[in-house]
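Here are a few exercises to work through with the model open on your screen. Try each task before you read the solution under it.

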Amino acid sequence: MAPKQKKKSSRGKKRPKPVLAASEDMEPVNMESMGHPEIYPLVLTTKTQEIFNCRIDEDVTDEQPYKLIKKEDIFEDLRNRAAVSDFHPVKKIVQEYPGNELLLVYDKDFKYGLNFYLIATEEGKENYLNPPEVPEEQEEYKEHIPEDVYIYKPPVSKPWVSLGSEKEIEEESVTESTKQITYMISRKRSEFGAPIKFSDQNASSVKDAYIECTAYPDKNFTLKQLEKDVGMQVIPQIKDISTQTKWTYPKNATTQYYPREFSEEEKETLKQSKPLVDFLNNASVSVEIALQQNEIMNTFIDDWKYLAEEEGTFGDKTDTYLKEYQSFTDLHSPMEKMITCVSWHPTIYGLIAVSVAVRLSFEDRVHFSDKLLLQPSLILFWSFSDPIHPQLMLESPDDIFCFKFCPSDPNIIAGGCINGQIVMWDITAHADRIENIKAGGSRSKRATLKPMFLLEPESNKEAMYIRHCAVSSIENGHKKVITDIHWLSDTFEINRMGSVFENRSGICCQLVTCSADCTICFWDIRPQKPLTPQTTEKKKEESIEIPFDVPSTFLHLDLSWKPLTKVRLSKGETSLDHCPTKISLNEDHLLCKTQAQSKTEKAEEMNPYHNLESGMANLLKPIDDFCTKFFVGTEEGEVIYTDWKMEKDPETGRLMSKKPVSHHTIHDGTVHTIQRSPFYNDIILTVGGWNVAIWKEGVMMASVNHYFEREVKHLEYVEQRKKIREQEKKEMELEMAKKKVKTYQKSKEQMQAELKMDYENYLELEKTVLINLGLIKVTEKGSYMEVM
């Protein structure tokens with residue numbers, strides 16, 4: 001048995017070298033050489049001590065330094081933690097152990113090199129738990145053995161085995177995380193020892209001559225004031241007026257006055273006045289909406305200032321000033337759909353319409369076509385007062401990708417499907433469900449629209465599904481998805497040739513659509529007059545029974561609606577065509593009639609959309625000076641300016657589309673927005689890819705050339721005038737120099753004359769003084785004689 005060697009603990013003390021080593025690939029070393037073949041030292045971590053309830057100084061102490069561990073618990077730990085288990089080095093010993101419990105002993109003094117050791121035999125466990133009695137002779141013999149006897153044994157080198165301590169060393173060690181920057185300053189060898197000369201130079205003229213250290217705000221040292229005590233006092237309104245006056249020396253002055261206030265009688269009179277009541281009724285809604293917007297977004301943020309600053313971190317929440325105000329969730333439909341078109345209701349505030357479609361590719365849509373037919377395609381009407389339950393649901397035969405409210409009657413809606421069909425809805429019967437109109441007074445004829453997000457939600461939560469009134473013929477319409485749809489103005493209409501005529505009906509009766517099949521179609525919602533009149537018996541045979549919940553407004557269009565005319569966007573030089581995505585006509589921004597006006601019209605006369613049997617008129621007044629050109633955006637990022645009027649082919653006599661007036665490739669992606677300015681009808685904004693472009697209708701690549709030529713001539717004229725002015729300046733400088741020389745010469749002659757006159761005056765004075773003193777006498781002849 002080896003002599004006792006005291007070991008120090010691993011925390012805060014020097015860790016002893018392991019006496020025994022064991023790895024996963026080798027058998028654990030027994031203590032046979034030391035006289036104890038049944039002992040196998042182990043290192044038990046804190047986690048293992050907690051699992052087997054053998055925590056040092058708590059479960060195992062100096063009084064009871066052992067613990068019996070069941071063989072099944074060790075196997076369970078090996079299955080859970082595998083090679084991470086501290087019993088993995090003695091896995092084979094545990095499997096061959098004959099008993100059910102193994103004895104684990106706490107080696108406090110590291111007698112066998114580690115903090116625990118396992119006794120792998122029943123005999124050794126029994127000898128440890130019940131040690132044999134030592135004879136008295138041996139005890140007496142032990143007493144005679146001197147304690148100072150020490151037998152030296154040279155250390156034996158053993159292979160080092162990692163027990164996981166290097167990870168803790170790496171975590172506790174200090175390492176450099178940033179790369180060090182090194183600057184080297186050198187001089188030429190010929191200038192060694194020479195005196196240093198400092199001079200000024202332009203930093204931009206010499207490369208690498210300076211290092212710029214720009215200032216930047218350090219957010220780590222920015223202190224934000226969370227609370228602040230502020231005192232305020234209400235005072236009358238102060239007016240400061242200044243005028244351009246003659247400057248005088250400032251002086252202190254005070255003026256005392258009192259504000260003008262209304263008397264009680266005047267206040268009562270103003271409260272009952274009609275102009276004040278009308279003003280409050282008109283301004284209250286705008287003020288409430290402005291207050292709502294102030295809650296949504298901070299209007300006092302300087303966006304230009306924050307736009308120039310660098311972003312501190314990606315996705316910093318403090319940089320987001322536009323906050324989400326409202327979100328809408330449909331509990332009846334699945335959430336895998338995408339929004340294809342969004343539009344505010346044109347006359348009711350707080351009501352929004354959204355069309356949704358399944359997010360699938362063309363191949364997946366064809367593959368799952370049977371399942372898609374079972375799912376409804378909807379346009380949802382959402383109110384700000386109820387973000388969970390939609391107010392209306394418009395059903396469609398297929399997914400809607402664009403829709404528009406009718407400017408003449410907001411209850412009429414037209415939409416374009418993914419399969420190329422046009423769908424019409426009439427929600428007049430359900431208008432009371434969504435409209436909220438309150439009169440400003442009993443005598444006032446003007447109606448005030450109340451925002452729906454300021455009203456209380458309705459108690460009726462049932463979903464209202466509305467079927468479509470009519471759908472176009474799939475054989476004669478577009479062949480691909482309809483990408484944009486617009487109502488034509490109620491002031492004009494067109495015929496098959498594309499000619500413009502006066503609209504006598506006074507309502508919007510025609511539509512224009514564009515599709516990915518490279519065509520633009522014009523549609524008329526009125527019935528086209530048949531070539532041959534039909535008998536009443538034939539009409540009765542063809543009559544179809546209409547469901548009670550579907551209005552008969554557009555029954556004459558259902559499944560037989562054909563486009564009035566088609567315009568094909570041909571590239572001309574090739575057989576390919578342009579693929580339109582958005583269009584913009586000259587009369588795009590139309591004002592819709594309010595619900596109050598529509599109610600008045602219903603009371604006075606029948607709704608004109610319910611009486612379309614008259615069909616298209618034959619005799620109409622043509623409009624010759626009407627602009628029939630419009631803008632088109634394509635998938636290739638082109639902006640095309642073309643004409644919808646048809647022309648006859650001189651060879652075949654067939655109607656054909658005109659060639660585009662101009663087309664420009666500006667955008668680097670699909671054009672998804674073409675919008676006219678609400679203030680200037682000839683200014684157009686296009687958005688596509690990463691570019692935004694602004695156009696002016698009527699300005700082509702010839703007008704621009706004329707503009708450039710005019711500017712070049714202007715520059716040449718400026719250069720010529722500059723030379724003339726320089727010549728005139730030189731002549732003026734020469735004249736000024738000559739004038740200066742003449743002035744200088746004249747002043748010199750005057751100075752000489754003045755000096756001469758002064759000298760003569762001095763001589764006269766001198767003679768007079770000498771005569772008075774008697775030093776000089778005057779003779780009879782007038783000469784002077786000097787007297788000594």
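**Exercise 1.** Find the residue of β14 that stands opposite Met393, then place the two strands in their sheet.

*Solution.* Keep in mind that this is a predicted model.
- Start at Met393: the residue facing it in β14 is Tyr465.
- Next, look at the strands themselves. β8 covers residues 392-396 and pairs with β14 in the parallel sense, over two bridges.
- Now zoom out. The strands belong to an open sheet of five, ordered β5-β6-β7-β8-β14, and the pairing is mixed.
- Finally, check the ends: β5 and β14 (465-466) are the edge strands, each pairing on one side only.

**Exercise 2.** Describe how β5 and β6 are joined, and look at the turn of their hairpin.

*Solution.*
- β5 takes in residues 337-344 and β6 residues 351-358; the two run antiparallel, with seven bridges joining them.
- For one facing pair, go to Lys337, which sits opposite Val358 in β6.
- Then follow the chain through the hairpin: six residues lie between the strands, and Gly350 in the turn has a positive phi of about 80°.

**Exercise 3.** Do likewise for β29 and β30, then decide whether Val692 is buried or exposed.

*Solution.*
- These strands, residues 683-688 and 691-696, are antiparallel too, and six bridges join them.
- Thr686 has Ala693 in β30 as its bridge partner.
- The hairpin has two residues between the strands, and Gly689 takes a positive phi near 65°.
- Val692 is part of β30. Its relative accessible area is 60%, and since the cut-off for exposed is over 50%, Val692 counts as exposed.
- One more check on Val692: its C-alpha atom is 8.9 Å from that of Ile666, although the two are 26 residues apart along the chain.

**Exercise 4.** How many salt bridges does the structure hold? Pick out some of them and say how each partner is placed.

*Solution.*
- The total is 14.
- Take Asp62 and Lys108, whose closest N and O atoms are 2.9 Å apart. This pair ties together distant parts of the chain, 46 residues apart: Asp62 is in the loop between α1 (46-51) and β2 (66-70), and Lys108 in the loop between β3 (101-106) and β4 (116-119). Lys108 is partly exposed, at 43% relative accessibility.
- Lys125 and Glu122 make another salt bridge, at 3.4 Å from N to O. Both are in helix α4 (residues 122-129), and because they are three residues apart there, about one helical turn separates them. Lys125 counts as buried at 11%, whereas Glu122 is partly exposed at 33%.
- In the pair Arg568 and Asp577, the closest N and O atoms are 2.7 Å apart. Arg568 is partly exposed, with 43% relative accessibility, while Asp577 is buried at 17%.
- Salt bridges can also share partners: that is how Arg55, Glu58 and Asp59 are joined into one network.

**Exercise 5.** Which residues gather with Glu166 in a patch of negative charge on the surface?

*Solution.*
- The others in the patch are Glu168, Glu170, Glu171 and Glu172.
- Glu166 lies in helix α6, which spans residues 165-172.
- As for cover, Glu166 has a relative accessible area of 31%, so it is partly exposed. Patch residues need over 30%, and Glu166 has 31%.

Key. Residues numbered from 1 in each chain as written. Predicted model: local features only at pLDDT ≥ 70, side-chain atom pairs only at ≥ 80, totals over all residues. Heavy atoms only, no water. Patch = residues over 30% accessible without salt bridge, like charges linked within 9 Å, V, L, I, M, F, W, Y side chains within 5 Å. Areas by Shrake-Rupley, 256 points an atom, 1.4 Å probe, with all protein chains shown as cover. Salt bridge = Lys/Arg side-chain N within 4 Å of Asp/Glu carboxyl O. Lys, Arg positive; Asp, Glu negative; His and termini not counted. Charge placed at Lys NZ, Arg CZ, Asp CG, Glu CD. Helix = DSSP H or I, 4+ residues; strand = E, 2+ residues; numbered from the N terminus. Buried < 20%, exposed > 50% of the residue type's maximum accessible area, 1.4 Å probe, protein only. Pairing = 2+ DSSP bridges.
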